[in-house]
Each structure stands twice: as C-alpha cells, then as structure tokens.
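Please walk through the model below with attention to its aromatic rings, its cysteines and one of its pockets.

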Amino acid sequence: MFREILDAKKRVSAAFTPPTAVDNKRSVSKRGLATPKREKEYLPPRKSARLAGGQVPEIKRYVPELAPAQDPERNTIPLETLDSKAVFNYGEDLDKLKHAEDYYAKFSSEIRPGKSKTNRSSNEYIEKLKKFNIAPEQVAKVVPDRIFSIAMHPTEHKMLASAGGKWGALGLWDINDKDSTENGVYLFNPHSRPINWQSWDMFNDRNLITTSYDGTCRILDIEKLESRLLYGDEDFIDSSYCTQHQQIDANTFLITKGKTGCVGVVDLRKGHTSTVTDYRLFDRISPKCLSVHPVQTNIICAANNKGGTYIFDIRQDGKGKGAKSASLMEPIAELMGHARSVSTALFNSTGSRVATLSWDDKLRVFDTTTMKGSMRSIKDVRHNNNTGRWLTPFKGHWHPVHEDIYFTGSMAQPRELEAWQITSSSI
C-alpha cells in the first residue's frame, strides 16, 4: 500500500514538472574521462534466528583490521626526464599517443600571447561575469580523482585548462573541443602525490610547471610531450614535501620545502638535484603558500598553518646551503589578524594588495604599497573556508589584468565561484 502511494506521488510530480527542469537537474556531462564502473555489492538477506528456530548461520562480523586500505599503493616516479610514452597516460596506445603529439604540436605552433591590458573597466567586467552560467556540456572529467590545483594557459587562440589530481595525474583540457574522440582531454602522470600548485612558464608558454606533495617540481613541455625535473633531491623527498613554487625569472624559481621551514632557490642552469640557496622563513613550520612581488622580486609573502603571514626581503640574512645552515630570517612586515591556518596569501598584479584566506573563515585584504612592521587589513569579510576533509582547501586568485578583482571558491549550494571587487572603500 505504501509503495503504491509513493508511485502515485512520483507520477503526479512528473506530470506537473516541466521537462526542461527535470533534464537540467538530472543531466550529467559525458565529456572527458570515463568514470570507472564499480561493481555493485550484493549482501545476503538478513534473517531472524528467532523465527527460524535458531537455524540461521552466524553472520560474519566486520573486522576493521582486515579492511583494505582506502587509497591504493602508488608507484614512485623516477627522478629523471620522462618521455612521451612514460608521462602520457596511454603511452602504450600508439594511436592515442600520436594523436596527442600532433594535437599539441599544432597547439604550440598557434600560441599567441595573451593581453596584458584591457579596454574594459572592472565594473564592466563584473557585470559581464554576472551573466555567466555553467551548462552540462561545459563540464568535463579531466583527472580520475579530486582536483588540487588548476591553471589556464595565457594564449588567446584557445581555452586550455590544466588540472592537477590527488594522485599525481595532470589533465589538459581544450574547453572548446567538442568534436574529437577525447573531447580535448589528455591525461599525463608526472607525479605520484597531489599536485598542489601549477603555473605556466612566464618566459616559455609551452612549459607547465607543477609542484607536488611527492617532493618534486616538474616541467611539462607540451610541444615535446616530455616531463623534465625542475627540482628533485633524492635525500629531500624521503623526509619532506613541497607545497608551492614561484617564478622569479626565466631560470630561477622559489620552492617551499615543507617542514624544514625553508624556501629554496632553484636555478635551471645549476641542475635539479639541489637548491642553490635556502631561506629559512619559519622554525620547523611548513610555508604553506608563497607569493613573489610582481615588481620587486626580492620581496616575498609567505604564510603557515599557524595563522602567521609575513613579508620577507630575501636580500637580508637567513640564507644558507641547506636548512640547518640557514639562520632564521626576520620579516620586514607581519600581516596581522588570522588565528588559524592560511591557505592563500597572494600579491595582486601590481603588488599593491595582498589577499589572504584562512580557516578562521576570513578573507582579508592588506595594502602593501608600504610594507613595514605590523600591518592590519584594510578590509575583511567573513567567508566560509572550512572545506573539511573531502574538499580541497580554497586557493584564491587575483585577475591577471584587473588588479582589484579576486576569485575564490564557495561552500554555498549549489557550488559556485565567487568574484570579489576590492576597492579602497569596499569589498
């Protein structure tokens, strides 16, 4: 009787619900990687031992110690250059490999530098953003597991997005490619742990720089489809990890070195096996995020999981060869206010502002035209940053051209992306 009532309720609901609403609610994107099918587990029906006169066999109890590990064991990636067969996810499939090589060879030949200026004002840009929406065909599965970082290629001729996954997978997606068999999605495996940060080389837009929790930084050359090491110290990866990198010039990069509390300088001309210099920012506390001033490249901003956010001048003391030999640096300024772990601390495109996100549920903006002493935020707003265990912590990003527009993720339902316009009087 109860089941018949439920069936009747469903029929009535379907009769009075517009078809478009049902389609939009239930439609799922088919683009990109195929989701692996999981076999349905069939459990034996439960039976009452009392009604069966004690004839029901004893049910096997669940033993936690015998349960399989939640995450499968992953192979480590050798500390060497990976050719196209080694780094491409389908390297044994020669047809797919040839298609990927041809695709990115053509892409590399058509790259046009993006605009560094725009005629559209920030207000006009915000009004245009308000009209944006996401349709199912604009969604694709790019990596097999949870995304930890994303980046957009700066070229104008295509929209190429990259996504770093939980277990080292790196997916590239040509968003406007809806006709090819792959829907523009190509998968690579340069790392073995989460890809925490990625950026396109500012001096060679065919190179994608990735930093992973496996303790290495790599350069994916999309023209050659090979992955070269930017940093990979065998002694370091056994005891620590990397969280972020920043580029200073064509050959010099800064890399955070996990629980050592140091930021290391890597010079491509000196090799990838060690850092040239280490700057000890914190005492055995990991620099979770890092940002280089876009004009004064000797100025860096770093934050940790204790709520501390500081600005350093790397020309000062605190450098050495190795974490033990470097003395603790004195910051030139401290950005005050956060009480819990900071997930983002970034300069904007002119270096006049730093925006921070923290697990104390605050978005704060600091005026960095003058950097000295203890600095209070000029604007702050409550923002739910508690993503929990199953969502990746938010990493805010400034717009590359509009210096007053800042993007963050959101915990609101349905999931959305938030754009903030930050002026001297409001946020």
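In this predicted model, the count of aromatic pairs comes to 13. One of them joins Phe 88 and Tyr 90 in an edge-to-face arrangement, with 5.8 Å from centre to centre and 70° between the planes. The two partners differ in their surroundings, for Phe 88 is buried, with a relative accessible area of 5%, whereas Tyr 90 is partly exposed, with a relative accessible area of 30%. Another pair, formed by Tyr 103 and Tyr 186, is tilted, its ring centres lying 5.2 Å apart and its planes meeting at 40°. That pair connects distant parts of the chain, since Tyr 103 belongs to helix H4 (residues 94-109) and Tyr 186 to strand S6 (residues 185-188), 83 residues apart. Both Tyr 103 and Tyr 186 are buried.

These contacts belong to a wider arrangement, in which ring pairs link Phe 88, Tyr 90, Tyr 103, Tyr 104, Phe 107, Tyr 186 and Phe 188 into a cluster. A charged side chain also meets this cluster at Tyr 90, where Lys 96 lies over the face of the ring, at 4.2 Å from the ring centre. A comparable placement is found at Phe 236, over whose ring the charged end of Lys 257 sits, 5.4 Å from the centre.

Turning to the cysteines, how many disulfides does a search of the whole structure find? The search finds zero. For Cys 217, the closest cysteine sulfur is that of Cys 242, and because the two sulfur atoms are 4.7 Å apart, where a disulfide requires them to be within 2.5 Å, they are too far from each other for a bond. Cys 217 counts as buried, at 0% relative accessibility. The sulfur of Cys 289 has its closest cysteine sulfur in Cys 301, at 7.1 Å, which is likewise too far for a bond. Cys 289 also counts as buried, at 2% relative accessibility.

The last stop is the second largest pocket, which holds about 760 Å³ of space. Its lining is made up of 32 residues, and those that lie nearest the centre of the pocket are Phe 148, Asn 196, Tyr 213, Lys 288 and Pro 393. Strand S7 (195-200), strand S15 (287-292) and strand S20 (342-347) each supply at least two residues of this lining, and the largest share, four residues, comes from S20. Sorted by class, the lining of this pocket has 14 nonpolar, eleven polar and seven charged residues.

Technical notes:
Residues are numbered from 1 along each chain as its sequence is written. This is a predicted model: local features need pLDDT of at least 70, side-chain atom pairs count only at pLDDT 80 or more; totals for chains, interfaces and linings use all residues. Side-chain values use heavy atoms; hydrogens and water are left out. On a 1 Å grid over the protein atoms alone, a cavity is a set of points where a 1.4 Å probe fits but cannot get out, and a pocket is an open set with protein on both sides within 12 Å along at least five of seven lines; lining residues have an atom within 4 Å of a point. Grid points are joined across faces, edges and corners, and a volume is the space filled by probe spheres set on the points. Ala, Val, Leu, Ile, Met, Phe, Trp, Tyr, Cys and Pro count as nonpolar, Asp, Glu, Lys and Arg as charged, and the others, Gly among them, as polar. Buried means under 20% relative accessible area, exposed over 50%, partly exposed in between (1.4 Å probe, protein chains only). Rings of Phe, Tyr and Trp (its six-membered ring) pair if their centres lie within 6.5 Å; planes under 30 degrees apart count as stacked, over 60 as edge-to-face and the rest as tilted. A charge sits over a ring if NZ of Lys or CZ of Arg is within 6 Å of the ring centre and within 35 degrees of the ring normal.
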